[in-house]
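Biologist: I should like to learn how to read the main features of a structural model. May we take them one at a time?

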Amino acid sequence: MKIIDHLLYHDDDTPYPYRSSPNRSGTFDPKFLIMHYTAGSSAQASINWLINPRAKASAHIVIGRDGSVTQLIPFNVVAWHAGASTWQGYNGLNKYSIGIELDNAGTLVRAGSQWRSWFGSTYSDEEVIEAIHKNETVARGWHLYTAEQLYIALDLASLLVEQYHLQDVLGHDDIAPRAKTDPGPAFPMDTFRARLFGRQENEQDTRNYVTTTMVNIRRGPSAEYALLPQAPLSTGTRLEATGNESGAWKEMNVLDAGGNVQGWVHGRYIKLVS
Ligand SMILES: [Zn+2]
C-alpha cells in the first residue's frame, strides 16, 4: 500500500474504498497513532455509524475482520476518535493523532458454553481470551482480533509512521484510561511498538529529531527553567534524544550546535527523523 495526497492506495495505484465522514475538523500534522476497537457487530455497521453526522465520532481508517481497509478521512485532517484524552502534556489527542478502528466486539460476558457481546452476538472459546486489562483488576472476556486484521494494521501503521514521522503508537486506553478499554489486552501493543519503533515499552528514547519551528531550549523540563544561550533553536535544527523525559518535554543533544549543547525542548515542536 501507499499514500498519495493523504489517501490510501494499493501498490497498483487503485484506491482503497473511501467513505467520507463529516465528523472531522481542520488539517493538521499528526504525531501519534491511536489504535481502537469498534465494539461493533461488523465493519460495515461501524463505518455506517462513523459517517453519520449524529455519531459525532469518526476515525481515519476502519479495518474489517477479513483485513479489508476503508478510509473515512484523509490522514492530514483531524478525525474525532480520541475524545477527552491526555498524553505527555498533550490534551485532546484528536488534534495530534491518526485513529485506526479495528472491527471487534470488545468485552464479552460468559453465556453458558459461549461468550456474548453487548449487542447479543455469541462467540466460541476460540474467538476469545480471558485477561485482566492493564487498567483493571479483574479478568474478563475479550474478542480476539484476526490474523488478517493485525497483519494489515501493522502494514498500514508502518507506512503511517514512515510517511508522517509519527513518534509513537498508543491505545485509546492509554490516552483515556478511565473511560476507555480499547484496543484492550487482545491487541498485541508491545509487538506493534517493537516492530514500528524497535523499542519496548519503558525503553529509553534515544532517537533523532528535528525542530519543526523556532523553539526554545531550556535548562529543565518546563517553561519555568532558564533558556540556554543557544535559544531559540532555528527551524530544522537536528537533535538527538538523551532518553530523559518529563511529561511532554525531552532532553536533547543539539547535533547542529557543534559543541556539547544539551537542554530540554517541548515535544510539540519537534518531529522524528526516520
Ligand atoms: Zn476508541
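The dialogue below turns to a metal site, a helix, a core and a pocket.

Modeller: Please note at the outset that this is a predicted model.

Biologist: Let us begin with the metal. Which residues coordinate the zinc ion?

Modeller: As general background, ideal angles at a metal are 109.5 degrees for four tetrahedral donors, and 90 or 180 degrees for six octahedral ones. Here the zinc ion is coordinated through ND1 of H36, ND1 of H172 and OD of D182, at 2.0 to 2.1 Å. Along the sequence these donors follow the spacing H-x135-H-x9-D. H172 belongs to helix α3 (residues 172–175), while D182 sits in the loop between α3 and α4 (189–197), the two being 10 residues apart.

Biologist: Is H172 buried or exposed?

Modeller: H172 has a relative accessible area of 5%; the limit for a buried residue is 20%, so H172 counts as buried. D182 is likewise buried, at 5% relative accessibility.

Biologist: How may one check the length of a helix, and what span should α2 have?

Modeller: One compares an expected span with the distance between the end C-alpha atoms. Helix α2 has 18 residues (147–164), which at 1.5 Å a residue should span 26 Å; its end C-alpha atoms lie 25 Å apart, and so the two agree. After α2 comes H165, whose phi is positive, near 50 degrees.

Biologist: Which residues of α2 are buried?

Modeller: Among them are L150, I152, L154, L156, L159, L160 and V161, and the buried set also includes Q149 and Y164.

Biologist: How should one read a nonpolar core?

Modeller: In soluble globular proteins, nonpolar side chains tend to be buried together. In this model the largest nonpolar core has 50 residues, and L8, L33, M35, I100 and L160 have the most contacts inside it. Elements that each supply at least two residues of this core include β4, β10, α4 and β18 (238–246). The largest share, 10 residues, comes from α2.

Biologist: And what of pockets?

Modeller: Rolling a probe the size of a water molecule over the atoms shows where empty space is left. The largest pocket here has a volume of about 510 Å³. Its lining comprises 27 residues, with Y37, T38, A39, W49 and E101 nearest the centre.

Biologist: Which element gives the most to the lining of the largest pocket?

Modeller: That is α1, with four residues. The elements giving two or more residues to this lining are β4 (32–37) and α1 (43–50). By residue type, the lining divides into 12 nonpolar, 12 polar and three charged residues.

Key
Residues are numbered from 1 along each chain as its sequence is written. This is a predicted model: local features need pLDDT of at least 70, side-chain atom pairs count only at pLDDT 80 or more; totals for chains, interfaces and linings use all residues. Side-chain values use heavy atoms; hydrogens and water are left out. On a 1 Å grid over the protein atoms alone, a cavity is a set of points where a 1.4 Å probe fits but cannot get out, and a pocket is an open set with protein on both sides within 12 Å along at least five of seven lines; lining residues have an atom within 4 Å of a point. Grid points are joined across faces, edges and corners, and a volume is the space filled by probe spheres set on the points. Ala, Val, Leu, Ile, Met, Phe, Trp, Tyr, Cys and Pro count as nonpolar, Asp, Glu, Lys and Arg as charged, and the others, Gly among them, as polar. The expected span of a helix is 1.5 Å times one less than its number of residues. Buried means under 20% relative accessible area, exposed over 50%, partly exposed in between (1.4 Å probe, protein chains only). Donors are N, O and S atoms within 2.8 Å of the metal (3.2 Å for Na, K and Ca); water is not among the atoms, so sites may look incomplete. A nonpolar core is a set of buried Ala, Val, Leu, Ile, Met, Phe, Trp, Tyr and Cys residues joined through side-chain atoms within 4.5 Å.
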